[in-house]
Amino acid sequence: MNGPIFGEFLGMLVLILMGDGVCANVLLKDSKGGNSGWIVITAGWGIAVLCGIITSLGVGGVAHLNPVVTIALAVANGTYETVVPYIAAQMAGAFCAGILVWLIYLPHWEITEDKGAKLGIFCTAPAIRNIPTNALCEFLVTILLVVVGFSIGSKGLAANGLTAGFGPYLWGMLIWGIGLSLGGPTGYAINPARDLGPRIAHQLLPIAGKGGSDWGYALVPILAPLLGGIVGAIICKATGIL
């Protein structure tokens with residue numbers, strides 16, 4: 001199996017398996033990485049993005065791995081044919097990854113008492129719950145993601161294109177940097193599928209001692225990044241990045 005749609009599925013599965021996996025490693029009781037902190041989580045997510053991109057490209061994919069990227073490119077290019085199948089594949093990959101994280105850390109759920117920590121392995125939550133400011137944070141940080149991310153492939157950075165295979169490393173560093181600098185307020189979802197797919201898995205899985213899936217907050221990491229991606233695409237077109 002290969003091609004763009006399968007690449008979106010498999011790349012997203014790898015990305016979320018490793019990203020949610022590092023959260024599980026840090027947050028679940030008696031894990032080897034227990035209480036190792038935010039630096040480990042942000043580094044793990046940066047490496048997860050790198051590995052997801054490499055996997056997607058390795059099977060003939062396009063490595064969007066984020067509805068924001070898919071929609072931003074569609075807005076910039078005026079072509080929308082791939083939006084629905086790509087996002088569906090991204091969602092499926094993220095959901096399946098949530099199941100795998102649950103299975104890999106199976107003995108640890110029951111002995112972990114913190115229901116919020118269990119949910120935080122699958123999806124994001126704000127440090128201070130204030131829906132308007134949480135949405136503003138996700139909106140602005142996603143604009144940054146799109147503008148800097150698309151600058152990686154711009155002619156202004158490399159007129160003849162980057163050396164093959166170099167781009168994924170820069171995307172991984174970008175995600176790591178965003179997490180370190182701007183991830184504190186909301187946990188930097190910046191990717192609706194990354195948040196929604198595993199959140200659905202949390203809702204459906206028989207996770208020992210889990211709480212609710214916080215659907216009252218879920219629209220923030222879905223809608224705010226999508227709006228930010230559209231604005232980011234407009235900025236990229238206006239400035240010649242795309």
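The buried residues of helix H3 pack against four partners: helix H4 (83-104), helix H7 (131-152), helix H9 (192-204) and helix H10 (219-239). This packing is a feature of a predicted model. H3 itself spans residues 67-77. Of its 11 residues, 9 are buried, so the helix is largely enclosed by the rest of the structure. The buried set begins with Pro 67, Val 68, Val 69 and Thr 70. It continues with Ile 71, Ala 72, Leu 73 and Ala 74, and also includes Ala 76. An α-helix has 3.6 residues a turn, so residues three or four places apart point the same way.

Both ends of H3 carry local features. At the N-terminal end, Asn 66 acts as the cap. A side-chain oxygen of Asn 66 lies 2.9 Å from the backbone nitrogen of Val 68. Val 68 is also among the buried residues of the helix. After H3 comes Gly 78. The phi angle of Gly 78 is positive, near 75 degrees.

A further local site involves Ser 154. This residue is found in the loop between H7 and helix H8 (167-182). H7 is also one of the helices against which the buried residues of H3 pack. The relative accessibility of Ser 154 is 9%. Buried means under 20%, so Ser 154 counts as buried. A polar atom of the Ser 154 side chain lies 2.7 Å from the backbone oxygen of Ser 151.

The overall fold was examined next. The protein chain holds 10 helices and 0 strands. From the N terminus on, its elements run α-α-α-α-α-α-α-α-α-α. The radius of gyration is 17 Å, close to the 18 Å that the globule rule gives for 242 residues, so the chain is as compact as a globular protein of that length. Along the principal axes, the C-alpha atoms fill a box of roughly 55 × 40 × 30 Å.

Burial and contacts were also computed for the whole chain. Of the 242 residues, 51% count as buried. Contacts between residues at least 6 apart in sequence were considered. Of these, 78% join residues at least 24 apart.

The surface and the charges complete the description. The accessible surface of the protein chain comes to about 10700 Å². Carbon and sulfur atoms account for 69% of that surface. The chain has 10 positive and 10 negative charges. The mean positions of the two sets are 2 Å apart.

Conventions. Residues are numbered from 1 along each chain as its sequence is written. This is a predicted model: local features need pLDDT of at least 70, side-chain atom pairs count only at pLDDT 80 or more; totals for chains, interfaces and linings use all residues. Side-chain values use heavy atoms; hydrogens and water are left out. Helices (H or I, at least four residues) and strands (E, at least two) are DSSP runs, numbered from the N terminus. The radius of gyration is taken over C-alpha atoms; the globule rule is 2.2 Å times the number of residues to the power 0.38. Buried means under 20% relative accessible area, exposed over 50%, partly exposed in between (1.4 Å probe, protein chains only). Contact means heavy atoms within 4.5 Å. Accessible areas come from the Shrake-Rupley method with a 1.4 Å probe; for residues, only the protein chains shown count as cover. Lys and Arg count as positive and Asp and Glu as negative; His and the chain ends are not counted. The place of a charge is taken as NZ of Lys, CZ of Arg, CG of Asp or CD of Glu. A polar contact is a pair of N or O atoms within 3.5 Å; within protein, one must be able to donate a hydrogen and the other to accept it, and residues adjacent in sequence count only if both atoms are side-chain atoms.
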